Amino acid sequence: MSTNQHGYQDFQLGSFTFRRDEYFAHIGWTTKSGKPMSHTMDAGNYLRALMRDVAWGFFYGWVNFDNVIGTVNHYESVDLYAGSYNGTMKEAGIDLLENFPTAQIRATFEQMLDDWTNEGFDPFAAPLETGSPHGRKRGNNTAKITRARELAKRCVGLKDDLPLRTDERGAPVNRAFADVPQDQPELHPEPGFENEVHAFNLFGFLSRSQVTWNPSFTSVVKYSFMCPTTEEHILPIIHGNDRVEWFFQMTDEIHWDCGDKNTGKPLARVIMKAGDMAAMPAYCRHQGYSPKRSMLLVWENGSPTLVFEIQKGESPEVPVKF
């Protein structure tokens with residue numbers, strides 16, 4: 001690592017180099033034929049995507065920062081690629097993919113995120129809720145980029161589990177959800193079942209989310225994960241599925257652009273309004289646009305063997321066949 005004239009550190013990971021200036025992140029690589037290549041992203045867009053990749057632990061499958069750069073999670077190692085899932089670049093032979101141990105790529109990405117995020121900019125926040133990512137190096141925002149994901153072990157609010165969000169916990173009601181009721185349901189379990197019969201106000205819980213496009217675990221039944229989240233502006237990554245992913249639009253609306261996972265070829269435009277459900281098959285990539293802050297329930301099958309079952313044809317890529 002070295003510090004450039006803009007005050008930011010330059011990074012290298014395998015054959016990939018990373019450099020930022022006042023406005024842009026620049027990613028460089030050398031093709032297998034020895035040709036030097038580079039790709040440029042807006043610094044804010046890059047940091048928002050990098051934030052999700054770090055916070056999600058590289059997530060389920062593909063995290064495309066845009067149509068060129070991204071990662072693939074193999075759960076003990078991670079692919080970093082440039083153009084490998086871009087049909088045009090792949091055909092031209094100017095792509096590159098390298099695999100790294102998860103700990104190695106995580107450490108590099110965490111250091112890059114910390115150094116390149118200036119004070120006053122929160123890559124987890126909606127654009128209207130944070131400052132500018134641009135300019136020369138100034139301070140840092142380590143507290144915001146190291147938030148722990150809120151993951152219930154069984155269900156939010158149970159004894160010794162993820163607590164409810166409150167003002168006291170630093171989770172005030174978001175400006176977009178000021179009209180969401182905050183009262184909790186009454187519970188009257190029989191003696192001895194106080195930790196078995198449970199309910200909580202999910203809309204109230206989500207109304208206090210301090211981040212966007214960052215699913216939490218609110219209930220867990222074996223490998224069935226309910227992962228609701230609040231969405232505003234643009235999903236900072238193009239998510240490529242390695243398993244089927246279900247969406248239930250609980251409030252407002254989200255517009256989704258869906259494409260082929262391997263080439264980026266457009267497949268569908270999906271507009272989900274409150275009450276709609278959709279499923280993203282394991283062969284697609286998708287990016288969402290939420291005109292105002294909305295609530296989305298994401299259901300994930302977290303089975304650690306599912307991705308390998310799909311690869312071997314033992315589990316389907318689609319949610320249902322007719």
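This briefing describes the overall build of one protein chain and then the setting of a single lysine in it. The model is a predicted one, and the chain in it holds 6 helices and 17 strands. The radius of gyration of the chain is 20 Å, close to the 20 Å that the globule rule gives for 322 residues, so the chain is as compact as a globular protein of that length.

**Dimensions and packing**
- Taken along the principal axes, the box that the C-alpha atoms of the chain fill is roughly 70 × 50 × 35 Å.
- Of the 322 residues in the chain, 51% are buried.
- Among the contacts in the chain with a separation of 6 or more, 60% are between residues that lie 24 or more positions apart.

**Surface and charge**
- The area that the chain exposes comes to about 15,200 Å², and 54% of this area is supplied by carbon and sulfur atoms.
- The chain carries 32 positive and 41 negative charges, and the mean positions of these two sets are 3 Å apart.

**Lys 312**
- Lys 312 is placed in the segment that comes after α6, the helix spanning 306-311.
- With a relative accessible area of 58%, Lys 312 counts as exposed, because the cut-off for that class is over 50%.
- Lys 312 and Pro 127 are 185 residues apart along the chain, and a separation of 41 Å is found between their C-alpha atoms.

Note on methods: Residues are numbered from 1 along each chain as its sequence is written. This is a predicted model: local features need pLDDT of at least 70, side-chain atom pairs count only at pLDDT 80 or more; totals for chains, interfaces and linings use all residues. Side-chain values use heavy atoms; hydrogens and water are left out. Helices (H or I, at least four residues) and strands (E, at least two) are DSSP runs, numbered from the N terminus. The radius of gyration is taken over C-alpha atoms; the globule rule is 2.2 Å times the number of residues to the power 0.38. Buried means under 20% relative accessible area, exposed over 50%, partly exposed in between (1.4 Å probe, protein chains only). Contact means heavy atoms within 4.5 Å. Accessible areas come from the Shrake-Rupley method with a 1.4 Å probe; for residues, only the protein chains shown count as cover. Lys and Arg count as positive and Asp and Glu as negative; His and the chain ends are not counted. The place of a charge is taken as NZ of Lys, CZ of Arg, CG of Asp or CD of Glu.
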